[in-house]
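Please open the structure in your viewer and keep the sequence at hand. The tour below proceeds by selecting a few residues at a time.

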Amino acid sequence: MTVKYLYMVMRINVDCNGCYRKVKRALLEIPEVESHLIEKKQSRVIVCGSFVPQDVAIKIKKKTNRRVEILETGDIHEE
């Protein structure tokens with residue numbers, strides 16, 4: 001079975017440093033997420049790894065108590 005690598009772009013309101021730390025801590029606690037990028041000014045979070053997108057969004061919402069909106073998901077093709 002091949003492992004499927006995905007990327008997901010989410011909109012999360014990150015308006016202060018405390019919110020940024022909350023989101024970062026929540027992402028680091030999810031083992032399926034291999035890398036992440038938090039764009040504070042655009043209120044976007046991009047994650048990569050082998051995960052189920054809805055599960056990751058729900059985990060982040062529960063841990064941060066913030067509204068999470070999935071904007072885009074897709075496969076990462078390794079050749």
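**Stop one: the cysteines**

Select C16, which counts as partly exposed because its relative accessibility is 33%. Please bear in mind throughout that this is a predicted model. Next, select C48: with a relative accessibility of 21%, C48 is also classed as partly exposed.

How many disulfides are there? The count comes to zero. To follow the reasoning at C16, add C19 to the selection: the sulfur of C19 is the nearest cysteine sulfur to that of C16, at 3.1 Å. A disulfide requires a pair of cysteine sulfur atoms within 2.5 Å, so a pair at 3.1 Å is not counted. C16 is therefore in no disulfide. As background, a disulfide is a covalent bond that joins the sulfur atoms of two cysteines.

**Stop two: a charged patch**

Now select R21, R25, K40 and K41 together. On the surface, these residues, R21, R25, K40 and K41, form a patch of positive charge.

Within this group, centre the view on K40. Where does K40 lie? K40 is found in the loop that links β2 (33-39) to β3 (44-49). Its relative accessible area is 33%, which means that K40 is partly exposed.

**Stop three: strand β4**

Finally, select residues 68-75, which make up strand β4, and pick out E72 within this strand. Is E72 buried or partly exposed? E72 has a relative accessible area of 40% and is therefore partly exposed.

To link this stop with the beginning of the tour, display the C-alpha atoms of E72 and C19. These two residues, E72 and C19, are 53 residues apart along the chain, and their C-alpha atoms are separated by 22 Å.

Conventions
Residues numbered from 1 in each chain as written. Predicted model: local features only at pLDDT ≥ 70, side-chain atom pairs only at ≥ 80, totals over all residues. Heavy atoms only, no water. Buried < 20%, exposed > 50% of the residue type's maximum accessible area, 1.4 Å probe, protein only. Patch = residues over 30% accessible without salt bridge, like charges linked within 9 Å, V, L, I, M, F, W, Y side chains within 5 Å. Areas by Shrake-Rupley, 256 points an atom, 1.4 Å probe, with all protein chains shown as cover. Salt bridge = Lys/Arg side-chain N within 4 Å of Asp/Glu carboxyl O. Lys, Arg positive; Asp, Glu negative; His and termini not counted. Charge placed at Lys NZ, Arg CZ, Asp CG, Glu CD. Helix = DSSP H or I, 4+ residues; strand = E, 2+ residues; numbered from the N terminus.
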